[in-house]
Amino acid sequence: MANNLRTQIYKNFNSYDTESLIEIWEVNNRTEWSDTTFEVLAEILQERLDSLPPQGEAIYDKNEFQESFFTKVKRWFSTDDDMVSYSHPLQEGNGPAFYDPQEVVNIYRWMNKIAKAMIPISIVLGLSYIPQTATIVRSYFINSYQDMTIIVWFITLIIIAIGTVLQVVFTYYPLKALAYILKILMEVEHNSRK
Amino acid sequence: MPKRKRKVSSDDFYKRKHKRLDTIALIAKILAWLVLLVSFLAAIGEFIQTKNFLEFEIMNGVLGGTADFSDLMSQRPIFSISLFVEMFNTILNGVIYAVVLKAISLALYMLIEIDLNYSLMNEGE
């Protein structure tokens, strides 16, 4: 059982790129990763680099581990990049005939990246539409006798906020879903082989 | 009503349904590149259209105080930002459509592969 878990962890981490592995190794966050994981990590890194890079002091307390905002954003942005290569070894005549697994991995990563990038992009795009939306909203109050500036800006901001949220929802979730469908289909295809 | 006979492909292994899916996947794959190309062309078209429109406005004196298009862009950054945002949005939409089409194409190819793998497995049993 323990051996099985170790093999599973090895398989999983072996598909990571070396840079990501070094980062996990250096941070040495034991609240997030188990001791077995670090043992496996050491094994993989030694295979790839010959020698182990220096490791930070082990973090056992969750409160001790405080990342900066930018580190958190960076980590969030690359969370789904774990799959950098096809994790199953391909032998002659064993691989799929209709598609290239590495292409699926690349598209999977691209979709995850675009889905996440769409959040800040949608916000920026939404902000850029404020002046013209305000002009349109103001045109509805052109005959008003009172100063409607506050109401105009309030309505504009609500419209922009709703528009931005909808754009995020309509792009983020379908892209994420499609990315996971691809990943699952690839696993199903692999398991369907003799 | 008589039952319609199921058409059997000449090749028992690679059936007509696979061929159809293969064709759809190929179309999606080609469309992905086409969409990407069209989105770039549309962004260029947007630039040219906006440039012509603004030059027309300058000529008519609507946008006074500016000599030409480049002068307007440097004097009123809101125009250049707006143009950049529009072009970026067009390209971004193209990229998203292209990636989705490519993903659909790959998903269809994988489905063919899965079906063929199971057919082979059944044949073996």
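# Two helical chains and the core between them

Among the contacts in chain B that link residues at least 6 apart in sequence, 73% join residues at least 24 apart. In this predicted model, chain B has 3 helices and 0 strands, so that its elements, taken from the N terminus on, run α-α-α. Buried residues account for 18% of the 125 residues in chain B.

The helix α1(B) is a good place to begin within this chain. It has 44 residues and reaches 62 Å from its first C-alpha to its last, which is close to the 64 Å expected at 1.5 Å a residue. Its buried residues are B:Ala25, B:Ala32, B:Val35, B:Ser39 and B:Leu54, and what covers them includes α2 (69-75) and α3 of chain B. Just after α1(B), the residue B:Gly61 takes a positive phi of about 80°.

The confidence of the prediction is not uniform along chain B. The chain averages a pLDDT of 83, and 89% of the residues score at least 70; among its elements, α1(B) has the highest mean pLDDT (91), whereas α2(B) has the lowest (80). Over residues 1-10 of chain B the pLDDT is below 50, and this stretch has 3 contacts in the model beyond near neighbours in sequence. Where pLDDT is low, the predicted coordinates should not be read in detail.

Chain A, to which we now turn, has 7 helices and 0 strands, and read along the sequence it follows the pattern α-α-α-α-α-α-α. Of its 194 residues, 15% count as buried, and among the contacts in chain A between residues at least 6 apart in sequence, 75% join residues at least 24 apart. The chain is divided into domain 1 (1-73) and domain 2 (91-194), and the centres of these two domains, taken over C-alpha atoms, are separated by 31 Å.

Within the range of domain 2 lies the helix α7 (149-192) of chain A. At 1.5 Å a residue, the 44 residues of α7(A) should span 64 Å, and because its end C-alpha atoms are in fact 64 Å apart, the model agrees with that expectation. The buried residues of α7(A) are A:Val152, A:Thr156, A:Thr171, A:Leu175, A:Leu178, A:Ala179, A:Leu182, A:Leu185, A:Met186 and A:Glu189. These residues pack against α5 and α6 (130-139) of chain A, together with α3 of chain B.

The helix α5 of chain A, which covers residues 101-128, is also where A:Ile123 has its place. Which class of burial does A:Ile123 fall into? A residue needs 20 or more C-beta neighbours within 10 Å to be buried; A:Ile123 has 16 inside that distance, and therefore counts as partly exposed. A:Ile123 and A:Gly163 are 40 residues apart in sequence, yet their C-alpha atoms are 9.4 Å apart in space.

How do the two chains meet? In total, 24 residues of chain A are in contact with 23 residues of chain B. On the side of chain A that touches chain B, the elements that give two or more residues are α5 and α7 of chain A, and by class this side has 17 nonpolar, 3 polar and 4 charged residues. For the complex, the predictor gives an ipTM of 0.74 and a pTM of 0.70.

The largest nonpolar core contains residues from both chains: it has 30 residues, and those with the most contacts inside it are A:Ile107, A:Met111, A:Leu182, B:Ala103, B:Leu106, B:Ala107 and B:Met110. The elements that give two or more residues to this core are α5 and α7 of chain A together with α1 (16-59) and α3 (77-124) of chain B, and α3(B) gives the most, with 13 residues. A single residue shows how the chains come together here: leaving aside its neighbours within four places in sequence, B:Ala103 is in contact with A:Ile107, A:Met111, A:Leu178 and A:Leu182. A second, separate core has 7 residues, among them A:Ile9, A:Tyr16, A:Val40 and A:Leu45.

Conventions. Residues are numbered from 1 along each chain as its sequence is written. Chains are lettered from A and ligands numbered from 1 in the order in which they are written. This is a predicted model: local features need pLDDT of at least 70, side-chain atom pairs count only at pLDDT 80 or more; totals for chains, interfaces and linings use all residues. Helices (H or I, at least four residues) and strands (E, at least two) are DSSP runs, numbered from the N terminus. A residue is buried if 20 or more other C-beta atoms lie within 10 Å of its own, exposed if 12 or fewer, and partly exposed in between; C-beta atoms are placed from the backbone. Domain bounds come from an automatic or database domain assignment. A nonpolar core is a set of buried Ala, Val, Leu, Ile, Met, Phe, Trp, Tyr and Cys residues joined through C-beta atoms within 7 Å. Two residues are in contact if their C-beta atoms, placed from the backbone, lie within 7 Å. Ala, Val, Leu, Ile, Met, Phe, Trp, Tyr, Cys and Pro count as nonpolar, Asp, Glu, Lys and Arg as charged, and the others, Gly among them, as polar. The expected span of a helix is 1.5 Å times one less than its number of residues. pLDDT is the predictor's confidence in each residue, from 0 to 100.
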